[in-house]
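Visitor: Could we look at this structure together? I should like to begin with the ligand site.

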Amino acid sequence: MFTIKNYDFQTVEDVKNWIGGQWVDAASGARLEVTNPRHGKVMTHVALSAASDVDAAVQAAKAAFPGWKATPMKERAQVLYRAKAIMERDARDLAWLISHENGKTFEEGLASVAKAVECLEFGCSLPNIQTGGISFVSRGITCETHYEPLGVCAGVVPFNFPMMVPMWMLPQALVAGNSFVLKPSEQVPIGASMLARIFREAGLPDGVLNVVNGAKEVVEALCDHPEIKAMAFVGSTKVAKLLYTRGAQTGRRMLCLGGAKNHLIVVPDAEVEMTSVDILRSFTGVSGQRCMAASAMIAVGDVQHIIDAVVAKARALKLGEEMGPIVSATSLKRIHGYIEQTEKLGGKILLDGRGATVTGAEGGHWLAPTILEVTAEMPAYRDEIFGPILSIVRTKTLDEALHLQNTHEYANGGSIYTTTGSTARYASSRINAGMCGINIGVPVPREPYSFGGWDNSKFGHGDITGIDGYYFWTKPRKITTKWALQPDATWMS
Ligand code: NAD
């Protein structure tokens, strides 16, 4: 069993690029330091690539594409079956690595591996569920659809789920027959390099998956590269919006998922224990660094007893064991800024997590759970903070609560907590969010249901996972056929 001792600091080998089946440094030799968030020490270095490295990866992917496209879909899916078995075999080692680079607890690391495996399973199922379609559209004439791969595709991912978010893209894109260039977050590059190893061991031909590490310059080079046919991005709204516009200007297909401010609306008849446990887990899970974390609680009417229960549970949480650190010193400073600003603006601090530390990991970026009572005008409610902060806003009625949710710029997730069916139905059919929950703290749909928000939480059409992902990474060819040589059989006959 893992204990806090297993969180001791360790360095790991430098992270290189994976291009055409070779581990290579950035052509310039440039590297970045990668810091372990739990100890605040440098644990490795990652290649800091440039446009020329991107081009090398794209050329490798382009060369691999025809062979991979010609491989039957069922065989392509077999690579995913083997990758799934490898991930399950190595789940504990992978979870440790994720925990070490990202700061998640070991259990959170394990959960994210499990979710990545579930995404792979969906990819494995594609040859069975995606058979295109054919029908007689008129006498003697059929129409059919074939979904064909696009070519070289790209994905850019954030720091908070180093293995799971790439798995929102790779299974569908690869089974569909595309080759791929993945750009991990420079803050947590190890997870993606592990994925490259896993796919290689699973038999993916060299060049079909490439990993190019680096920062903004790599992303822009991917976005502008003429050979890249489609690109998915997951990260902050600011960057999602920029890339969506930039990519679309050159005519490529873009799907860009952004930030969030997920509302949990709590009404007085909510069940106290379940509601308070769910809210705690939602805003403290992965230290609040989840795009589906409950960052705003809308307290409708007299729910003081539920607020008190959340505060008591949050106060009792064991920092370092039940919740990890913030990813970086920069993020921690930014989060502190929101607490200080709330104090200045007259908001209440119901629980203050500043100054907390963990014995044996004093250099880490620690912040214990923090609960603020704010108004809807305050930045702590309006902005995505991305830390273990719950901002509580009070309203008198459910309609006022729904109005808050529905006029917020983000529309990723939202939940209602109630024990009354009609209240649940009323709210869940009115919440303006792509992913709604009834008595669910983190309303992430499980496969095969797809993941994706609305408004400023997503730019582009369709969701990123599920069957929508498959359609994003393919183009439909429609074939209309008349085999019987009948002069009277026409398109409309
Ligand atoms: P980020 O936007 O800072 O970085 C994401 C990726 O974009 C990284 O690979 C980074 O190198 C690159 N990048 C950063 N700045 C860039 C720029 N100016 N131009 C081009 N590329 C740039 O996001 P992050 O801090 O890594 O992750 C946290 C954010 O991701 C939060 O906003 C969170 O809500 C969001 N997120 C959203 C979802 C979702 O499904 N909607 C899922 C996970 C995370």
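Guide: A pocket, on a 1 Å grid over the protein atoms alone, is an open set of points with protein on both sides within 12 Å along at least five of seven lines. A molecule sits in a pocket if more than half of its atoms lie within 2 Å of the pocket's grid points. By these criteria, the ligand sits in the largest pocket. This is a predicted model, in which local features need pLDDT of at least 70, side-chain atom pairs count only at pLDDT 80 or more, and totals for chains, interfaces and linings use all residues. Residues are numbered from 1 along each chain as its sequence is written, and side-chain values use heavy atoms, with hydrogens and water left out.

Visitor: Why does the ligand lie between domain 1 and domain 2?

Guide: Domain 1 (17–258 + 457–477) and domain 2 (263–438) both contribute residues to the shell around the ligand, so the ligand lies between them. The domain bounds come from an automatic or database domain assignment.

Visitor: Which polar contacts does the ligand have with Gly-258 and Glu-384?

Guide: A polar contact here is a pair of N or O atoms within 3.5 Å. A nitrogen atom of the ligand is 2.7 Å from a backbone N or O atom of Gly-258. For Glu-384, a side-chain N or O atom lies 2.6 Å from an oxygen atom of the ligand.

Visitor: Changing topic, where is the cis peptide bond?

Guide: The cis bond joins Glu-447 and Pro-448, with omega about 10 degrees. Most peptide bonds are trans.

Note on methods: A polar contact is a pair of N or O atoms within 3.5 Å; within protein, one must be able to donate a hydrogen and the other to accept it, and residues adjacent in sequence count only if both atoms are side-chain atoms. On a 1 Å grid over the protein atoms alone, a cavity is a set of points where a 1.4 Å probe fits but cannot get out, and a pocket is an open set with protein on both sides within 12 Å along at least five of seven lines; lining residues have an atom within 4 Å of a point.
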